[in-house]
Each structure stands twice: as structure tokens, then as C-alpha cells.
Amino acid sequence: MDKESEYLIEQMNRHRQEIEPLVKYLPWLEQASPSAASTIYKGDGLDSNTSLAFPVYDSTLMSFIKVASNSPLMDRNYPYVFTRRNIKTPADERRAIESADYKDWGIICGILSKYVLGGRTRAALWSQGVSERIFYLCVSKMLEIVTQWNAERNL
């Protein structure tokens, strides 16, 4: 076996370990509706002029965000992925994810990072990640890549 093959095997094993904690959220992400991800809290019994509305997120979504943000999948330089690939809309993101293969792992990580890390400052991104199905598509595509790659090598 040559060094390149050994390196790829090592990479795929590492990728599998990196996504393993996120895979358990796939059923929820697949079924989650935009309204299930967050609600707007406006305050109980307060005058509508004095209350401050803010989003309250589903506990499963917050758990996913916590696990994802602590994973090595996060790319703090995710804006470069978007400028290099000219990705501007969620539709562009979905197309990039769907057409990705193992060589495009960094692109998927960049898109996932935008929603996970960017949601810390723009809270709407977490809800958008659910409503646009970006979280589901990223994790399911990552799982598909490592599963398919391992299946092809084990023929």
C-alpha cells in the first residue's frame, strides 16, 4: 500500500470519528421544522411596548450546536470557502453540499461552520440552518462520504 492510500485511510477514519457525535442528531434534523427549532419569547404579562422579544431555541438544537462547535469540523476561516466557490445563497450551499465528495470535505465543514459559528453573533443563522436543512445536509453528506469511501475500499 502506498503512502497516499495510507494517508486517505487515516483521513477517513479521522473524519468518521469527528462526525460520530453529530450523527445521533440526524433523525431530529431531518424531521425538524423551522417552527420547532426556535420560538420568540416576548415576556409574559408585560406591556408590548416594554417587552424585549428574543429567540428561544429547542434544547436538541442547542445540544447539536454545542457538540458541533466543539468538534474539529469547525473552520474559523469559513468565509474563504464562500468567496473561493462563489457561494452566496442557501441554494448555492445546498448544491455545493450535494455535489461534494471526499475531496470537498473542507467545503462542507466551511458551510457547517458558517451556521454554527456565525450563529453566535447572528442568532437567526441557527434557525436558518434548520429551516434550509443545511445542518441535516452537511452531516448526512459527511456520513455518506465516509461510509461510501470505506465501502469502496473494502470491496
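**Reading Lys141 and two positive phi values**

Q: Leaving aside neighbours within four places in sequence, which residues is Lys141 in contact with?
A: Lys141 contacts Ile97, Glu98, Ala100 and Ile108, once those sequence neighbours are set aside. Keep in mind that this is a predicted model.

Q: Where does Lys141 lie?
A: Lys141 is part of helix α9, which covers residues 134–153.

Q: Does Lys141 count as buried or exposed, and why?
A: Buried means under 20% relative accessible area. Lys141 has a relative accessibility of 10%, so it counts as buried.

Q: How do I read the sign of phi?
A: Start from the general idea. Most residues other than glycine have a negative phi. Now the cases here. Asn86 is not a glycine, yet its phi is positive, about 55°. Arg133, also a residue other than glycine, has a positive phi near 65°.

Q: Where are Asn86 and Arg133?
A: Asn86 sits in the loop between α5 (78–85) and α6 (90–98). Arg133 sits in the loop between α8 (124–131) and α9.

Q: What relative accessible area do Asn86 and Arg133 have?
A: Partly exposed is the range between under 20% and over 50%. Asn86 has 48%, so it is partly exposed. Arg133 has 32%, so it is partly exposed.

Q: How many helices and strands does the protein have, overall?
A: The protein has 9 helices and 2 strands. Along the sequence the pattern reads α-α-α-β-β-α-α-α-α-α-α.

Q: What share of the residues is buried?
A: Of 155 residues, 43% count as buried. For contacts between residues at least 6 apart in sequence, 71% join residues at least 24 apart.

Key. Residues numbered from 1 in each chain as written. Predicted model: local features only at pLDDT ≥ 70, side-chain atom pairs only at ≥ 80, totals over all residues. Heavy atoms only, no water. Helix = DSSP H or I, 4+ residues; strand = E, 2+ residues; numbered from the N terminus. Buried < 20%, exposed > 50% of the residue type's maximum accessible area, 1.4 Å probe, protein only. Contact = heavy atoms within 4.5 Å.
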